[in-house]
Amino acid sequence: MKQLLASLVLASMAWGTSAQTLWRDAPMLASPADIRALMPQARETTPAQRAVDPSALLNIPATPIADETFSATYHFESERLQRIHLRAQPTTRERTQALLKTLQASLRASYGLPVSAASRPVPALGTVDLLWAFRRMTVQLLMVDGKTVELIYSANIPSRPQGL
């Protein structure tokens, strides 16, 4: 009985640990220093970027994903990682469509079917808006202008009640 209980505790700890990371194993709620240690290529965003979005503290200007170059922006609230926003602008419509197909297949393999899609897609623009919910995070795949592909990993952690 003790062995079964110990196995269940260890399994739940492993499940909880794996569920607490975002893109490229960035831990949810990590500090900017933690992310810089994990991703040495991450740099502080410019004052202009922070003026537009104060949560955007770190950025990797170019990182390869599925044969395209993405920028990665790390968003923090109270010095804790909440979201990673990846963005690419492939050079042709064909490359954009191929990237979307590759990303959708990868996300489906990792997280199953999306939990939601845009309610009113606009075929002329080739709108894509898919959302996956997995344990304590969400992943959103977007393309709203026909040429920019965005992938957003967000922590989905309930806020603590005041006083605890």
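**Figure 1. Where to read this predicted model with care.** Let's start at the N terminus: over residues 1-19 the pLDDT stays under 50, and for this stretch the model has 5 contacts beyond four places in sequence. A second stretch, residues 120-124, also has a pLDDT below 50, with 3 contacts in the model beyond near neighbours in sequence. Where pLDDT is low, the predicted coordinates should not be read in detail. For the protein chain as a whole, the average pLDDT is 83, and 77% of the residues score at least 70.

**Figure 2. The protein chain in overview.** Here you can trace 4 helices and 8 strands. Following the sequence from start to end, the pattern reads α-α-β-α-β-β-β-α-β-β-β-β. The chain has 164 residues, and 35% of them count as buried. Its accessible surface comes to about 10,100 Å², with 57% belonging to carbon and sulfur atoms. Among contacts with a separation of 6 or more, 43% come from residues 24 or more positions apart.

**Figure 3. An open sheet of 8 strands.** Walk across the sheet and you meet the strands in the order β1-β2-β3-β4-β8-β7-β6-β5, with antiparallel pairing. Which strands stand at the edges? They are β1 (43-44) and β5 (116-117); each has a single partner strand, so one side of each is left without a neighbour in the sheet. Helix α4 (residues 93-111) packs on the sheet, where it touches β2 (56-65), β3 (68-77), β4 (80-88), β6 (128-134), β7 and β8. The direction of α4 makes about 160° with that of β7.

**Figure 4. From the β1 edge to the β2-β3 hairpin.** Strands β1 and β2 run antiparallel and are joined by 2 bridges; look for Glu-44 opposite Leu-58 in β2. Strand β2 is mostly covered, with 7 of its 10 residues buried. On to the next pairing: β2 and β3 share 7 bridges in the antiparallel sense, and Asn-59 stands opposite Thr-73 in β3. These two strands form a hairpin with 2 residues between them, and in the turn Ala-66 has a positive phi of about 50°.

**Figure 5. From the β5 edge across β6, β7 and β8.** The antiparallel strands β5 and β6 are joined by 2 bridges, and Ala-117 has Leu-130 in β6 as its bridge partner. Between β6 and β7, also antiparallel, there are 7 bridges; here Leu-131 faces Gln-140 in β7. The β6-β7 hairpin has 2 residues between its strands, and Arg-135 in the turn has a positive phi of about 50°. Further along, 6 bridges join β7 (residues 137-143) to β8 (residues 149-155), again antiparallel. In that pairing, Thr-138 stands opposite Ser-154 in β8.

**Figure 6. An aromatic pair between helix and strand.** How many aromatic pairs does the structure hold? There is 1. A pair of aromatic rings is described by the distance of the centres and the angle of the planes. Tyr-111 and Phe-134 sit 5.0 Å apart, centre to centre, with 55° between the planes, a tilted arrangement. Tyr-111 lies in helix α4 and Phe-134 in strand β6, so the pair ties together parts that are 23 residues apart in sequence. Are these residues buried or partly exposed? Tyr-111 is partly exposed, with a relative accessible area of 21%, and Phe-134 counts as partly exposed at 26% relative accessibility. Buried would mean under 20% relative accessible area.

Definitions and conventions: Residues numbered from 1 in each chain as written. Predicted model: local features only at pLDDT ≥ 70, side-chain atom pairs only at ≥ 80, totals over all residues. Heavy atoms only, no water. Pairing = 2+ DSSP bridges. Contact = heavy atoms within 4.5 Å. Axes fitted to C-alpha atoms, helices over the stretch in contact; angles between N-to-C directions. Buried < 20%, exposed > 50% of the residue type's maximum accessible area, 1.4 Å probe, protein only. Areas by Shrake-Rupley, 256 points an atom, 1.4 Å probe, with all protein chains shown as cover. pLDDT = per-residue confidence, 0-100. Phe/Tyr/Trp six-rings, centres within 6.5 Å; stacked < 30°, edge-to-face > 60°.
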